Amino acid sequence: MPADNQPILLAIESSCDETSAAIMQADHVLSNIIASQVVHEKYGGVVPELASRAHQANIVPVVQQALEEASVQINDLEAVAFTQGPGLMGSLHVGCSFAKSLSLGLGIPLIAVHHMQAHILAHFIIGKEGQSVPSFPFLCLTVSGGHTQIVKVTSPFDMEIVGQTIDDAAGEAFDKAAKVLGLPYPGGPLIDRHAKVGDAAKYHFTTPRIGGYNYSFSGLKTNLLYFLRDRQKQDASFIQNELVHVCASYQRTIVDYLLKQLEAAATDLGLQDLCLAGGVSANSELREKFRSMCETNKWRAFIPPFEYCTDNAAMIGIGGYFKFQKGEFATPDAGPMPGFIM
Ligand code: KG4
Ligand code: ZN
């Protein structure tokens with residue numbers, strides 16, 4: 001546990017469809033509350049207008065619950081961190097405005113955090129048992145619903161994208177496939193679950209070869225769409241009968257593609273600590289194959305605990321804590337940056 005004199009921070013995450021608040025004491029998480037918005041399920045994707053309304057309704061109760069669970073009084077807070085971007089404008093606005101008001105009201109510093117950097121810095125959250133953390137410089141594959149990036153991390157403040165998707169993100173490839181398979185949003189976890197009992201070698205999907213360490217996922221989704229259309233012409237119950245095998249084959253294609261580019265980048269750059277971050281790093285096959293790829297190459301593999309992989313405020317809290325130590329605070333005119341570049 002952290003010493004009593006360590007600073008206590010509140011962190012807010014509201015970039016997409018999770019309203020989350022965390023109380024951190026230095027690099028330890030005292031509470032991490034996440035309100036997931038179920039309203040988007042029936043639309044097969046996040047509806048921005050509904051997301052910002054739900055954040056507005058959730059933000060105060062989520063912060064109150066985070067304070068209660070951490071047994072922290074509001075006056076004990078020494079700084080407030082929030083997600084500045086990238087993300088949805090209306091969603092970011094809610095967290096940003098709340099954080100600014102609280103910072104002004106309590107007279108405590110405001111800290112603006114980059115969402116994708118925070119996914120990477122989640123590796124530095126110290127869990128209950130304590131654990132080893134990656135050494136700089138390291139390579140991180142960040143895979144989420146909006147991003148797919150291979151990032152060289154030289155320090156908490158110095159990150160360089162060495163490869164990325166030129167169209168859809170890996171999470172989108174999962175979610176869009178789930179939609180055509182008739183599964184609810186977000187489909188990634190459901191494809192993962194079905195794939196566990198399917199035969200990944202039964203069907204074959206292709207991914208394009210892109211220059212450098214980049215990715216392209218939009219063709220894969222179209223590949224699946226045409227494949228299903230052709231099969232359903234012959235058998236109207238094809239999806240129903242073959243769901244687990246299609247999920248397993250499709251997931252295998254994504255996982256192998258993600259790791260192939262990552263392995264090439266790590267080999268060429270000579271980096272030996274490899275990390276996984278972002279919502280898709282919750283994928284069980286990706287986790288398993290990532291670990292075995294690292295073992296084969298004698299690299300060290302790091303994956304944050306499950307609850308810090310998908311969107312959560314604790315990762316904003318650790319990002320905020322690094323900036324707090326450096327005295328890097330935001331001014332009251334800081335606003336949301338939906339297209340925030342790393
Ligand atoms: O990082 P995240 O929570 O939000 C963004 O910043 O986008 O990532 C959400 C994405 C969604 O596309 C979701 O389907 C995917 O992560 N995801 C998964 C799994 N769990 C979440 N994809 C594949 N397998 C999973 N187990
Ligand atoms: Zn995210």
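Is Ser71 buried or exposed? In this predicted model, Ser71 is exposed, because its relative accessible area is 63%, and a value over 50% is what counts as exposed.

## Two residues with positive phi

Ser71 is found in the loop that runs between α1 and β4, and although Ser71 is not a glycine, its phi is positive, at about 50°. Ala26 is likewise not a glycine and has a positive phi, in this case of about 55°, and its place in the chain is the loop between β2 (18–25) and β3.

As for their surroundings, Ala26 is buried, with a relative accessible area of 1%, whereas Ser71 is exposed, with a relative accessible area of 63%.

## Cis peptide bonds before proline

The peptide bond that leads from Gly85 to Pro86 is cis, with an omega near -5°, and Pro86 itself sits in the loop between β4 (79–85) and α2 (89–106).

A cis peptide bond is also found from Phe136 to Pro137, where omega is near -10°. Pro137 belongs to the loop between α3 and β6 (138–143).

## The zinc site

The zinc ion (ligand 2) is coordinated by His115 through NE2, by His119 through NE2 and by Asp311 through OD, at 2.0 to 2.1 Å. Along the chain, the donors of this zinc ion (ligand 2) follow the spacing H-x3-H-x191-D. Around the zinc ion (ligand 2) there are four donor atoms, and because the angles that they subtend range from 94 to 150°, the arrangement is irregular; a tetrahedral arrangement would need all angles to lie between 85 and 135 degrees.

His115 and His119 are both part of helix α3, and because they are four residues apart there, about one helical turn separates them. Both of these histidines, His115 and His119, are buried.

## The largest pocket

The space in the largest pocket amounts to about 1,300 Å³, and 48 residues line it, with Asp17, Ser144, Gly145, Asp175 and Tyr185 lying nearest its centre. By kind, the residues of this lining divide into 20 nonpolar, 20 polar and eight charged.

Several elements take part in the lining of the largest pocket, since β3 (28–36), α3 (115–121), α4 (170–180) and α5 (188–195) each supply at least two residues. The largest share, five residues, comes from α4. On the scale of the domains, the largest pocket lies between domain 1 (8–130 + 308–326) and domain 2 (138–304), because both of them give residues to its lining.

## A buried histidine in a loop

His40 is placed in the loop between β3 and α1 (48–70), and because its relative accessibility is 0%, His40 counts as buried.

His40 can also be set beside a residue from another part of the chain, Pro184. In sequence, His40 and Pro184 are 144 residues apart, while in space the separation from C-alpha to C-alpha is 9.4 Å.

Terms used
Residues numbered from 1 in each chain as written. Chains lettered and ligands numbered in written order. Predicted model: local features only at pLDDT ≥ 70, side-chain atom pairs only at ≥ 80, totals over all residues. Heavy atoms only, no water. 1 Å grid on protein atoms, 1.4 Å probe; cavity = no way out; pocket = protein on both sides within 12 Å on 5 of 7 lines; lining within 4 Å. Points joined across faces, edges and corners; volume = space filled by probe spheres on them. Nonpolar A, V, L, I, M, F, W, Y, C, P; charged D, E, K, R; others polar. Domains from an automatic or database assignment. Donors = N, O, S within 2.8 Å, 3.2 Å for Na, K, Ca; no water. Tetrahedral: all angles 85-135°; square planar, octahedral: opposite > 155°, others 65-115°. Buried < 20%, exposed > 50% of the residue type's maximum accessible area, 1.4 Å probe, protein only.
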